[in-house]
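Have the model open in your viewer and keep the selection box handy. We will go from one side chain to two pockets and finish at a small sheet.

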Amino acid sequence: MAVRPAAGRRAIEVLLESELPHAEGQRLVLVDATYEGGDRETEFTVRINGRKRHVRITEQNSPLGIVDAWQRHRSQEDPDGDSVLVVTGAVPADQLGWDLRAHAVRRRSLAVDPADIVKQLFGAADLDARMAGEKWLLDALLEAEPADRWPRSGAVLTRDRAVRALLAARLGLGDTTSDTLDFDADTLFAWTRTGAGPALFAALPAAERAGLSEWLEKTVGPAAPTLLALAADQRGADALPLGALASAALAASSAEAAGFALGTLYGSALASFDALRPFADAATGVVTRWIAQAEGAGAHGAEARSRVLAVLDRADQLAADARLSPLIGTDRMLPSGYRARLRALAATLDGDVAHAETALRELTEHQLSELNAESTDMARTAVRLVRWLNAPMPKTGSTGQAVQEHMASTGWADLAVGILSEGDTSLDTAVGEAYHRLIGAVRERRTGLDEAFARTLADWTETASQQSAGGALLIENVLAEAAAPLARDGGRPLILVLDGMSADVAVQLAGELDRKVWTEVIPKPHPGKEAARQAAVSMLPSLTRVSRASLLSGEPAQGGQNVERAGFVTFWRKRHRDAHLFHKGGYEGPPGHRLAPELLDTLATDDIVAVVVNTIDDALADGREGARGRWNIGDIAKLSDLLNAARDYGRPVVLVSDHGHVLDRTPRGHQQTDAEGVGGARWRTGTPRQGEIALAGPRVLAGGGRIIAAWRDDLRYTGRQAGYHGGAALAEVTVPVITVVPSADLIPAGWTLLPAERTAPAWWRGGGGATPVTAASAAPTEKPRGGKPARTPQDEGIFMLPGQGTLGEQAVQSPLFKAQREFVRLAPTEKAVAAVLDALLAAGGKLSPGAVAAAAQAATGKSQRNPERFATVLERLLNIDGYPVLQLVESGRTVQLDKALLQQQFLGGAA
């Protein structure tokens, strides 16, 4: 006997909606199928010709049963109504009498073809031939039809369209109204994180789960069956963590043992070990893309970060539960791997710098290094200090050389110590202890430098004066040396005095300046000297009352605001300029104003303006630096507004302090030193003891011209604060001087731009770099006595042997370059372009526009006053036919050279 077809409620509804409109007055429908709806779905209503009709279904398995049911329906259940009786069951059509058939729609049993019904539901004229034999799909489409019906599919309902619609209706994957849905691993793994999705899949009939799994495997890839098997096992939320864990296990040195442990986690969801690799690859691909999203800014990045860490932390938890953690070690994706690499780096900090460099490279190669940016940066800072400790001891041959070295290098070591002192965010005690030992080693070396400097300072101070500075820039000469050149020819510098700003704070603030707005400039260095920022020597003791008054007066002075204001006005009056000095309380704006209207009005004039900002000095007393040693522009009261105002009014800016400071890094409970003749936290009168130096001379403006100053940073004579000044340590005596201009046209004669790459010392940058720009290389060639200047091959713009020389030199000798140069207006010389190309190649392909301009200047002696414009000209010169040999990237902050394209374009691919 043939198996009877089965029909569910929806199939019956569609059959009635199709037949009853053409069978007016008929109330019996014989269906050649058994009913699958169960007892709960035997009565319902359908809408026929705009009105509702009640439907009752009865399952009968004999002709007499059918006749009896029909008689009861007519005479008892609904004698005068229009309700419909639907009879299903196992009675063959040929056993029904004609007297019964006469009352039935079409006078016969109606066949139920799921394929025909599905066509009707989708409004299709035809069906994909593959669907005819797929009962699971047809039944699922009938059962899962949404309340607002299936969308119209067009002439032919394809299998892919049907499965996509089913996935949307059943599992919430996609939209039933969409004609297409690009399924990929990201979509499927994200679906497993929804909670409801995997539960819905687990509740499906086994045949439907198998059919969907097969389709998704072909569409998404071989990872789909394992993922869906986990979902069916109600472990869908762990699919992505298990995939990440599988990737770690497969990469482990004991992959076989790790794979065995994984088997216990996957259970029956893993069809075979061969299925593990594609599943792991798909999962890690998804997590990698999520990590890239998490590295972005804003709410979207924060949400992605939370999502990534939730997945990977769960993977680590699963690994710990399965005792897999020892096997996966330093995995490059899991948080445990990052922590293990961080601990490995910490273990190298007491040893050779090469091992520390290797450990740092492995840490930064971890995929979570950017998401743990603060911890990674701290580790990078630790390795920088290892480099500094392994570098030769800085020389302190003279006071001027010492403060210059402090500004250029040792102050950066102080910055690194400040960063490291904050502690790592991982709270790992082994890492914290390693950092603590490293800080101790650095402070020990710094103590030796401060002691040597104190002796040098003492000898120099005996005779040093404004007329005899011994090669040092004195604080009382800063206005003349740094501000006055900017004021020539009607220039209007804004002098910002950041009271107490030490070298480490200065380099942080300068590093934050927008290089698209501000160009840092310095006096051209003497022949053979490397370009570097200026640094001055404070008055002694290094106190505000003597140092700031001397700075603003342009001569040794001491006193308060009145003395400073009078001295500042007098200094500029001698240079035939009016000047105004604003102190605390004078430049801050009233409610509704960012800055005081009086200050803004003054900035709009041609007068010289100075503003004293006390934020840093004040913070030494209130403890701000005790918790956080780093500073940014937003931390300094109104500094951002002052810089913006200077930009808006086209004013160059001199950032300068009156003295530096040392931070209190002594343990809690460390007591002040008892001493006689205490004049301040770090100076006194009397006889010097250990950690102190006697200073006497014309520049000592307290204690009758002779004082005792502490050079050791753990000495203080007053109560505990966050920091102190007044002593003889390098960090206190060094006065940073940073000069920036808002336009390259404002660079004064005799000055040059300072590339960003030249602001940090080599040990801080790491990885080598371009050759330093020195005055010897930048200076124009001088004429020898009695004749023409000596000629060199580069002077002529050609090279001795074609095809020889550096890569940059070969490129500019090529016929294609020479032809292109004829079409570029104001094109730089071949020598300048060759120097730029070689500098970029030496730096790994990236430099700031300032460094590019400096390289050209070093080769030709010609100053490039607008680095960005110069880089744009180079783009036009080198990017033939639109190929990006050289580009301005990162919003114009970086010039990038593609070495392979350079060789291909100008050298025919030759190296």
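Start by selecting Trp763 and Ser409 and showing their side chains: the two make a polar contact at 2.8 Å. Bear in mind as you look that this is a predicted model.

Now widen the view around Trp763. This residue sits in helix H30. Is Trp763 buried or exposed? Its relative accessibility is 10%, and buried means under 20%, so Trp763 counts as buried. To see what surrounds the side chain, add Arg384, Arg387, Trp388, Trp412 and Ala413 to your selection; along with Ser409, they are in contact with Trp763, leaving aside neighbours within four places in sequence. If you would like a sense of distance, select Phe571 too: from Trp763 to Phe571 is 40 Å, C-alpha to C-alpha, with their positions 192 residues apart in sequence.

Next stop, the largest pocket. Select Gln404, Lys529, Glu530, Ala532 and Arg533, the lining residues that lie nearest its centre. The space here is about 1400 Å³, and the lining has 42 residues in total. Which elements should you colour? Helix H19 (399–421), strand E11 (519–523), strand E12 (534–537) and helix H30 (762–765) each give at least two residues to this lining. H19 has the largest share, with eight residues. Colour the lining by class and you will find 22 nonpolar, 11 polar and nine charged residues.

Now move to the second largest pocket, with a volume of about 940 Å³. Centre the view on Arg515, Ala756, Glu757, Thr759 and Ser848, the closest to its centre among the 43 residues of its lining. Elements giving two or more residues here include H19, E11 and H30, and also helix H35 (849–860) and helix H36 (867–878). Which element gives the most? Select H22, which supplies five residues. By class, this lining holds 18 nonpolar, 11 polar and 14 charged residues.

For the last stop, switch to cartoon view and select strands E17, E19 and E18. They form an open sheet of three strands in the order E17-E19-E18, with antiparallel pairing. At the edges are E17 (683–684) and E18 (692–696), each paired on one side only. Zoom in on E18 and E19 (residues 706–710): these antiparallel strands are joined by five bridges. To pick out a single pairing, select Leu695 and its bridge partner in E19, Ile707.

How values were computed: Residues numbered from 1 in each chain as written. Predicted model: local features only at pLDDT ≥ 70, side-chain atom pairs only at ≥ 80, totals over all residues. Heavy atoms only, no water. 1 Å grid on protein atoms, 1.4 Å probe; cavity = no way out; pocket = protein on both sides within 12 Å on 5 of 7 lines; lining within 4 Å. Points joined across faces, edges and corners; volume = space filled by probe spheres on them. Helix = DSSP H or I, 4+ residues; strand = E, 2+ residues; numbered from the N terminus. Nonpolar A, V, L, I, M, F, W, Y, C, P; charged D, E, K, R; others polar. Buried < 20%, exposed > 50% of the residue type's maximum accessible area, 1.4 Å probe, protein only. Contact = heavy atoms within 4.5 Å. Polar contact = N/O pair within 3.5 Å; in protein donor to acceptor, adjacent residues only side chain to side chain. Pairing = 2+ DSSP bridges.
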